[in-house]
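Visitor: I should like a close look at a single part of this model, together with whatever that part touches. Please take it step by step.

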Amino acid sequence: MDPGPPTELPSELRAFLHRCIESINQVELLMMMRGSERWRTARDVAADLHVAVPLARTDLETLAARGLLEVFVASEIEYRYRPKTEDLARYGDLLAQHYVTSRHLIFAFVSTRSRIAMKRFADAFKLREGE
């Protein structure tokens, strides 16, 4: 008997998302990059994902800094999916598996985390009572 779709992400995937992914755009970007050996510029990614070039560049730089993308400097900076460790590759595979079966759970987890981070950031600027 099929237990149906998962209702929760595995803890190791949640830990990976918490540590390495900041937005739904980054999830989409990573899944797009994972599916190809092709080198892409920020402009390429922006066009493919229908986002602004600066956002694509920031997301590419973030994922590269976290060891998920390889960087090549030519006339433009280019990126491709190439995790630095076997663990990162395994987490990328796990993300891809759940991206197919339970994308809504991934998006819910990432967007909730993003909202919490934004609220904390905004709260840091609130004046305390009496100031």
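Guide: The account below begins with one helix and follows its contacts outward. The model is a predicted one, and every value given here was computed from it.

The part chosen is helix 2, which spans residues 24-34. Helix 2 packs against helix 3 (residues 42-49) at an angle of about 105°, and the two axes are 11 Å apart. That angle makes helix 2 roughly perpendicular to helix 3. On the side of helix 2, the residues in contact are Asn25, Glu28, Leu29, Met32 and Met33; helix 3 contributes Val45, Asp48 and Leu49. Sorted by class, this contact of helix 2 with helix 3 comprises five nonpolar, one polar and two charged residues.

Helix 2 also packs against helix 4, here at an angle of about 70° and with the axes 10 Å apart. Angles of 65 to 115 degrees count as roughly perpendicular, and helix 2 and helix 4 are therefore roughly perpendicular to each other. From helix 2, the contact draws on Asn25, Gln26, Leu29, Leu30 and Met33. From helix 4, it draws on Leu55, Asp59, Leu60, Thr62 and Leu63. By class, the contact of helix 2 with helix 4 has six nonpolar, three polar and one charged residues. Asn25, Leu29 and Met33 thus appear in the contact with helix 3 and also in the contact with helix 4.

Between helix 3 and helix 4 (53-65) runs a loop that holds histidine 50. Its phi is near 55°, a positive value in a residue other than glycine. Most residues other than glycine have a negative phi. Histidine 50 has a relative accessible area of 72% and is exposed, because the cut-off for that class is over 50%.

A further link from helix 2 is ionic. Side chains of opposite charge can pair when their charged atoms come close. Arginine 34 meets aspartate 93 in a salt bridge, with an N to O distance of 2.7 Å. This pair joins distant parts of the chain, since arginine 34 lies in helix 2 and aspartate 93 in helix 5, 59 residues apart. Arginine 34 counts as partly exposed at 31% relative accessibility, and aspartate 93 counts as partly exposed at 41%.

Helix 5 (residues 86-123) takes part in another such link. Glutamate 12 forms a salt bridge with arginine 90, their closest N and O atoms being 2.9 Å apart. Glutamate 12 belongs to helix 1 (residues 11-20) and arginine 90 to helix 5, so the pair ties together parts that are 78 residues apart in sequence. Glutamate 12, at 37% relative accessibility, counts as partly exposed, as does arginine 90 at 38%.

Helix 3, the neighbour of helix 2, has its own ionic partner. Arginine 43 forms a salt bridge with glutamate 76, the closest N and O atoms being 2.6 Å apart. Glutamate 76 sits in the loop between strand 1 and strand 2, and arginine 43 in helix 3, 33 residues apart. Glutamate 76 is partly exposed, with a relative accessible area of 31%.

The loop of glutamate 76 leads to the hairpin. Strand 1 (residues 69-73) and strand 2 (residues 77-81) pair in the antiparallel sense over five bridges, with three residues between them in the hairpin. Phenylalanine 72 has glutamate 78 of strand 2 as its bridge partner. Finally, a network of salt bridges links Glu37, Glu70, Arg80 and Arg82, and the structure as a whole holds 11 salt bridges.

Conventions. Residues numbered from 1 in each chain as written. Predicted model: local features only at pLDDT ≥ 70, side-chain atom pairs only at ≥ 80, totals over all residues. Heavy atoms only, no water. Axes fitted to C-alpha atoms, helices over the stretch in contact; angles between N-to-C directions. Helix = DSSP H or I, 4+ residues; strand = E, 2+ residues; numbered from the N terminus. Parallel < 35°, antiparallel > 145°, perpendicular 65-115°, else oblique. Contact = heavy atoms within 4.5 Å. Nonpolar A, V, L, I, M, F, W, Y, C, P; charged D, E, K, R; others polar. Pairing = 2+ DSSP bridges. Salt bridge = Lys/Arg side-chain N within 4 Å of Asp/Glu carboxyl O. Buried < 20%, exposed > 50% of the residue type's maximum accessible area, 1.4 Å probe, protein only.
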